[in-house]
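Open the model in your viewer and switch to a cartoon view. Keep the sequence panel in sight. The tour goes one selection at a time.

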Amino acid sequence: MDILEKHVTYEETIKGSRFLSELIPCSSQAEAREILKAQKAKYADATHVVHAFITGNGAEVKGMSDDGEPSGTAGRPALDVLSGRGCTNVILTITRWFGGTLLGTGGLVKAYGNGAKGVIAAADQEGAFQPLVEKRAFTFSTDYSLLKPVKNLMECGSFHFWNIKEEFGTEVTLTGEIQSDEYQAFASKLKDLSNGKITL
């Protein structure tokens, strides 16, 4: 399962109608609503802002809307393509400016499906998707004398960290996130290194 790390866009014009497809990182249904609201405000001159989203570690939360296009011709094909990519924590919006020529239901399904495929291909090309990694937060304090060995351990390449912060007081407090399945091994290495003084 992959998650999206950055905003990606793809655009095409079909029979005079302009279709702008955008993939945006999104971590919850509530955030999807906020992003959609912002997109609709940003493209107030557009005819439709269709969307599909998937969130949750198991891609269990999904939603979509045709936004005024004939039922099943826009949100559903977009969501089907998105689901087929095996990704989560993403919202796809496809904004359409009507160009005067009706595409028919088959044409719409194809246009929205292609928009979704196009922006996903662009995201893959840009390396915008990364594997979903379960993270676990940690915090611990250490004497200044142990700071260098602790840092060496953290930089040895055996563990994966995110958002590391250091606070210097009477001791040094380190907070951050570690890959969940590495937590126990890291905890026991810290304990060994400090003769039991450092506990996660």
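Buried here means under 20% relative accessible area, and exposed means over 50%. Keep in mind that this is a predicted model.

**Stop 1: a loop asparagine.** Select Asn 89. It lies in the loop between strand 6 (87-88) and strand 7 (90-97). Is Asn 89 buried or exposed? Its relative accessible area is 17%, under the 20% cut-off, so Asn 89 is buried. Now check the backbone. Most residues other than glycine have a negative phi. Asn 89 has a positive phi, near 55 degrees, and is not a glycine.

**Stop 2: the long selection.** Select residues 104-126, which form helix 3. This helix has 23 residues. From first C-alpha to last it reaches 33 Å, close to the 33 Å expected at 1.5 Å a residue. Colour its buried positions next: among them are Leu 108, Ala 111, Tyr 112, Gly 115, Val 119 and Ala 123. Gly 113, Gly 118 and Ile 120 are also on the buried list. In an α-helix, residues three or four places apart point the same way, because there are 3.6 residues a turn. Step just past the end of helix 3 to Gly 127, where phi is positive, near 70 degrees.

**Stop 3: the sheet.** Show strands 9, 10 and 11. They make an open sheet in the order 9-11-10, with antiparallel pairing. Strand 9 (135-142) and strand 10 (161-168) are the edge strands, each pairing on one side only. On average, neighbouring strands of this sheet are turned by 15 degrees against each other, direction ignored.

Zoom in on strand 10 and strand 11 (residues 172-179). How many bridges join strand 10 to strand 11? Six do, and the two strands run antiparallel. Pick Phe 168: Val 172 in strand 11 stands opposite.

**Stop 4: the helices on the sheet.** Add residues 147-154, helix 4. Helix 4 packs on the sheet and touches strand 9, strand 10 and strand 11. Its direction makes about 160 degrees with that of strand 9. Then add helix 5 (residues 183-193), which lies across strand 9, strand 10 and strand 11. Helix 5 runs at about 10 degrees to strand 9.

**Stop 5: a strand asparagine.** Finish at Asn 163, found in strand 10. Its phi is positive, about 50 degrees, although Asn 163 is not a glycine. Is Asn 163 buried or exposed? At 53% relative accessibility, over the 50% cut-off, Asn 163 counts as exposed.

Key. Residues are numbered from 1 along each chain as its sequence is written. This is a predicted model: local features need pLDDT of at least 70, side-chain atom pairs count only at pLDDT 80 or more; totals for chains, interfaces and linings use all residues. Side-chain values use heavy atoms; hydrogens and water are left out. Helices (H or I, at least four residues) and strands (E, at least two) are DSSP runs, numbered from the N terminus. The expected span of a helix is 1.5 Å times one less than its number of residues. Buried means under 20% relative accessible area, exposed over 50%, partly exposed in between (1.4 Å probe, protein chains only). Two strands pair if DSSP finds at least two bridges between them. Axes are lines fitted to C-alpha atoms, for helices over the stretch in contact, and angles run from 0 to 180 degrees between N-to-C directions. Contact means heavy atoms within 4.5 Å.
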